[in-house]
Amino acid sequence: MTAPTVYVLSGPNLNRLGTREPDVYGSDTLDDIHAAVQREARDLGLIADCRQTNHEGELIDWLHEAVDVGADVVLNPGAFTHYSYAVRDACAIVTTSGRSLVEVHLSNPATREEFRHTSVVAGVATGTIAGFGLQSYLLGLRALV
């Protein structure tokens, strides 16, 4: 039997981790996060398909693809969290199809600028994990099992 695949999707500017505001996002790079996710996924009996994009439409296509292949999702939507109803609607397609979607954030948006306090994704996500840096992704994987 093949291990279940989980899509681990990261949105805009997360490819700049390690140099982008390390006081907020930490010093881990996205490659560091993906390596840790791969290890954790193996330990949990999962296959992690890690992807990052700066493009809203591409992220939406990947969410649709997750539904089509029957994969659960760990999603860090980045700034799309706060305003992209198109990403929100794609997330709703995931969860209403019977799959799980865990929204993750490296920092805690509720402690930051006011515009970051609202997540349009949270209302359709299975759950949200925020503020634990790289561990947020790993906790997201654990939440799926």
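**Exercise 1. List the contacts of His82 in this predicted model, setting aside neighbours within four places in sequence.**

Solution.
- Start with the contacts: His82 touches Pro109, Phe115, Arg116, Thr118 and Val120.
- Next, place the residue. His82 lies in the loop between E3 and helix H4 (85-96).
- Then classify it. The relative accessibility of His82 is 15%. Buried means under 20%, so His82 counts as buried.

**Exercise 2. Which residues does UniProt mark as "binding site", and why do they not all gather at one spot?**

Solution.
- Read the record. The unreviewed UniProt entry gives Asn76, His82, Asp89, Leu106, Ser107 and Arg116.
- Check the spread. These residues span 41 residues in sequence, and the farthest two C-alpha atoms are 23.5 Å apart, so they do not all gather at one spot.
- Look for contacts inside the set. His82 is in contact with Arg116. Asn76 touches Leu106.

**Exercise 3. Is Asn76 buried or exposed, and what does Asn76 touch beyond four places in sequence?**

Solution.
- Locate Asn76: strand E3, residues 72-76.
- Classify Asn76. Its relative accessible area is 3%, so Asn76 is buried.
- Collect the partners. Asn76 touches Leu9, Ser10, Gly11, Leu14, Val104, His105, Leu106 and Tyr137.

**Exercise 4. Find the residues that UniProt marks as "active site", then describe the surroundings of His105.**

Solution.
- The unreviewed UniProt entry puts this feature at Tyr25 and His105.
- His105 sits in strand E4.
- With a relative accessible area of 8%, His105 is buried.
- Apart from neighbours within four places in sequence, His105 contacts Asn76, Pro77, Thr81, Thr128, Ile129, Ala130, Gly131, Phe132 and Ser136.
- Link the two annotations: Asn76, listed under "binding site", is a contact of His105.

**Exercise 5. Which members of the largest nonpolar core touch the most other members, and which elements give two or more residues to this core?**

Solution.
- Recall the general trend. In soluble globular proteins, nonpolar side chains tend to be buried together.
- The largest nonpolar core holds 22 residues. Val6, Val8, Ile33, Val37, Val74, Tyr137 and Leu141 touch the most other members.
- Assign the elements. Strand E1 (5-10), helix H2 (30-43), strand E2 (47-52), strand E4 (101-105) and helix H5 (134-144) each give two or more residues.
- Inspect one member. Beyond four places in sequence, Leu141 touches Val6, Val8, Val37, Glu40, Ala41, Leu44, Leu46 and Val74.
- Finish with the second core. This separate core has 21 residues, including Leu9, Val87, Cys91 and Val121. Leu9 is also one of the contacts of Asn76.

Notes:
Residues are numbered from 1 along each chain as its sequence is written. This is a predicted model: local features need pLDDT of at least 70, side-chain atom pairs count only at pLDDT 80 or more; totals for chains, interfaces and linings use all residues. Side-chain values use heavy atoms; hydrogens and water are left out. UniProt positions are given in the numbering used here, feature names are shortened, and annotations may be inferred rather than shown by experiment. Helices (H or I, at least four residues) and strands (E, at least two) are DSSP runs, numbered from the N terminus. Buried means under 20% relative accessible area, exposed over 50%, partly exposed in between (1.4 Å probe, protein chains only). Contact means heavy atoms within 4.5 Å. A nonpolar core is a set of buried Ala, Val, Leu, Ile, Met, Phe, Trp, Tyr and Cys residues joined through side-chain atoms within 4.5 Å.
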